[in-house]
Amino acid sequence: MSSLWRRLVSLGGSLYARIALVYLTGLLLLSVVVAWFAISQFDQLGRELQQRQEADLADNLAEVMAPALRSGVDSDVAHEMARHIVSINPSLSLYVLDEGGRVIADYAEPACALGSRVALSSLEALLGEDPMLPVLADSPCSGQPGVFSVARIEYGPDGARGYLYADLNNASHTSMTAMLRTSSITRTLVAAGLLALALSGLLGLLWFALLTRRFSHLTSVVQRFAAGEYQARIAEPRSDEIGQLGRAFNDMAGTIEAQLVALRETDRQRRELVANLSHDFRTPLTSLRGYVEQLQRRESLSDEERRVALTAIFDNAERLTRLARQLSTLARLDAYDQPLRREPFALAELVHDIVGKFQPQAERLGVSLRVDVDPALPWVEADLGLVDRALSNLIDNALIAAAPQGRVWLAGEASGQGVRIAVSDDGDGIAAADLPLVTQRFYRTASSRAGGEGSGLGLSIVRDICERHGTTLEIDSQEGTGTTVALTLPRAASVGTNV
Ligand SMILES: Nc1ncnc2c1ncn2[C@@H]1O[C@H](COP(=O)(O)OP(=O)(O)O)[C@@H](O)[C@H]1O
Ligand SMILES: [Mg+2]
């Protein structure tokens, strides 16, 4: 019982109930107005028909009564004749009006209208050419507006002018409305009207129900989406306004879902990054600690042992420094809202500077590091810090990969709208299976993993730097022959070369 009540109350507050209420009220009001109008028109039609039918009545009576009236309106013969006429047609009241419209003879029994006036304008309107029917006048006896028939007459021995006025109110249209009320036509009309009313009411309610059901469906889908069901969509939205709303929701839901997937992916990558980093930091730190403890505990170390320990400490510290540097570059690249610090600079100069920094490392590894870059190479417009990092990462990789006593060389050339710089080595190359993977974060080839060096961040950072500059990274590697990694930087617009 209470649940039924609650449902009724909730229905009462619903859009459907409100639309239905407004619609039904409007429909009812409209039918009342139409019915009232139809009835009054029927009434009017009744009066019109009556007046049209009796149009010549007063004329005919005037002709018949003319001799009697000549002996005076109140003469016995006039009264006798009038009474005779009225007895034949009891629905009729006959009066004689003077020229001003005043009743001077009343042939009704009992007389009730003597001395009252009929508006001349009504009389003249009916007597005029093509009168617009029905013409109404206030009945001299009852004062109620009604239809009449009128004729001009002359009365009395001296032929005074006046009107013979036949009041048709008694034979009134009420008989007409009564006829309509009892006629089968009226019944059919009323029945048809009621049927049309019921049908349009029903159709309207049905249509609103369909309409509001679509809204309810929309609401339920939005609620499911809000509750975390991110695949919830409006199925096949139509092209009307509600359909457009549905399509807009679908688009929005698609965007939100895609962003969520992207967010989750970023979150996963971030967690992976932290896990990888903690591992990458722990390994050199543990090693560092081991060597430092060895130096602390054992004072009787040979010079050779001390040298090995110190070298290991230096290498591990170097590894940590490199890792920290990669991380700070990564942080800069991840801050997408921070614009690049683009500036024009001479790439040839930068390359020579970087190579100079790597010369000691190359010598230690016994690798020859050469530059084949024309000093007149066009200037580039790029983020100098990031390009420095990218080239350093590439040279670092190449030096590690180069064959024992091998070679690493850098070449630069103008290419189209940019300047291409390539770092090559004569190492073992990258396996074809590894090639598409080496630019992923933390991806390291099997040999690199065995060596324990590196974090797998270097090439992913270079790729990101290229992307931020709107160019791509090319990696060309032949197993057993060597590798060339190249990037193209946009040429500076204003400054030509560094000649
Ligand atoms: N020039 C190269 N020759 C052969 N292997 C390379 C070269 N450059 C990169 N690699 C391999 O690609 C993998 C990814 O490189 P990188 O992203 O720089 O990681 P890492 O920081 O470990 O050097 C590494 O395992 C590395 O061995
Ligand atoms: Mg590397």
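**Side-chain contacts and backbone features in a predicted model**

Glu-413 is partly exposed, with a relative accessible area of 41%. I open with this residue in the structure before you, which is a predicted model. The partner of Glu-413 is Arg-420, and their side chains meet in a salt bridge with N and O 3.8 Å apart. Arg-420 is partly exposed as well, at 22% relative accessible area. Elsewhere, salt bridges with shared partners connect Glu-265, Arg-268 and Glu-272 in one network.

How many salt bridges does a search of the whole structure find? The number is 21. I shall describe two further examples.

One of them joins Glu-257 to Arg-233, with a distance of 2.7 Å from N to O. This contact links distant parts of the chain: Glu-257 belongs to helix α8, residues 241–297, while Arg-233 is in the loop between α7 (184–226) and α8, and the two are 24 residues apart. Are these partners buried or exposed? Glu-257 counts as partly exposed because its relative accessibility is 23%, where the buried class ends at 20%. Arg-233 has a relative accessible area of 26% and is likewise partly exposed.

The other example is formed by Glu-154 and Arg-161, whose closest N and O atoms lie 3.9 Å apart. A salt bridge is counted here within 4 Å, so this pair qualifies. Glu-154 is partly exposed at 46%, whereas Arg-161 reaches 52% and is exposed. The boundary for the exposed class is over 50%, which is why these two partners receive their labels.

I turn now to the aromatic residues. The search of the whole structure yields 6 aromatic pairs. In one of them, the ring centres of Tyr-95 and Tyr-165 are 6.2 Å apart and the planes meet at 45°, so the pair is tilted. The contact links distant parts of the chain, with Tyr-95 in strand β1 (residues 93–98) and Tyr-165 in strand β5 (residues 160–167), 70 residues apart. Tyr-95 is buried, at 1% relative accessible area, and Tyr-165 is buried at 0%.

Tyr-165 has a second ring partner to consider. Which arrangement do Phe-148 and Tyr-165 adopt? Their centres are 5.1 Å apart and their planes are at 15°, so the pair is stacked. Phe-148 is located in strand β4 (residues 145–155), 17 residues from Tyr-165 in strand β5, and this pair also connects distant parts of the chain. Phe-148 counts as buried because its relative accessibility is 0%.

Another group of rings deserves mention: Tyr-23, Trp-207 and Phe-208 are linked by ring pairs into a cluster. A charge meets a ring at Trp-409, where the charged end of Arg-407 sits over the ring, 4.2 Å from its centre.

At the surface, there is a nonpolar patch formed by Leu-15, Phe-215 and Leu-245, which together have about 260 Å² of accessible area. Leu-15 is found in helix α2, residues 15–53, and is partly exposed at 46% relative accessible area.

I come next to the backbone, and return to strand β1. This strand runs antiparallel to strand β2 (residues 103–106), and 3 bridges join the two. Which residue stands opposite Leu-97 in β2? That residue is Val-103. β1 and β2 make a hairpin with 4 residues between them, and Gly-101 in the turn has a positive phi of about 90°.

Two residues other than glycine also have a positive phi. Glu-236 has a value of about 40°. The loop between α7 and α8 contains Glu-236, which at 75% relative accessibility counts as exposed. In Gln-405, phi is near 60°. Gln-405 lies in the loop between α11 (384–401) and β9 (407–415), and is exposed at 66% relative accessibility.

Finally, where is a cis peptide bond found? Such a bond joins Leu-133 and Pro-134, with omega about -10°. Pro-134 belongs to the loop between α5 (120–127) and β3 (136–138).

To close, I would direct your attention to Tyr-165, a buried residue whose ring pairs with Tyr-95 in a tilted arrangement and with Phe-148 in a stacked one.

Conventions
Residues are numbered from 1 along each chain as its sequence is written. Chains are lettered from A and ligands numbered from 1 in the order in which they are written. This is a predicted model: local features need pLDDT of at least 70, side-chain atom pairs count only at pLDDT 80 or more; totals for chains, interfaces and linings use all residues. Side-chain values use heavy atoms; hydrogens and water are left out. Buried means under 20% relative accessible area, exposed over 50%, partly exposed in between (1.4 Å probe, protein chains only). Rings of Phe, Tyr and Trp (its six-membered ring) pair if their centres lie within 6.5 Å; planes under 30 degrees apart count as stacked, over 60 as edge-to-face and the rest as tilted. A charge sits over a ring if NZ of Lys or CZ of Arg is within 6 Å of the ring centre and within 35 degrees of the ring normal. Patches are made of residues with over 30% relative accessible area and no salt bridge: like charges are joined within 9 Å, nonpolar side chains (Val, Leu, Ile, Met, Phe, Trp, Tyr) within 5 Å. Accessible areas come from the Shrake-Rupley method with a 1.4 Å probe; for residues, only the protein chains shown count as cover. Two strands pair if DSSP finds at least two bridges between them.
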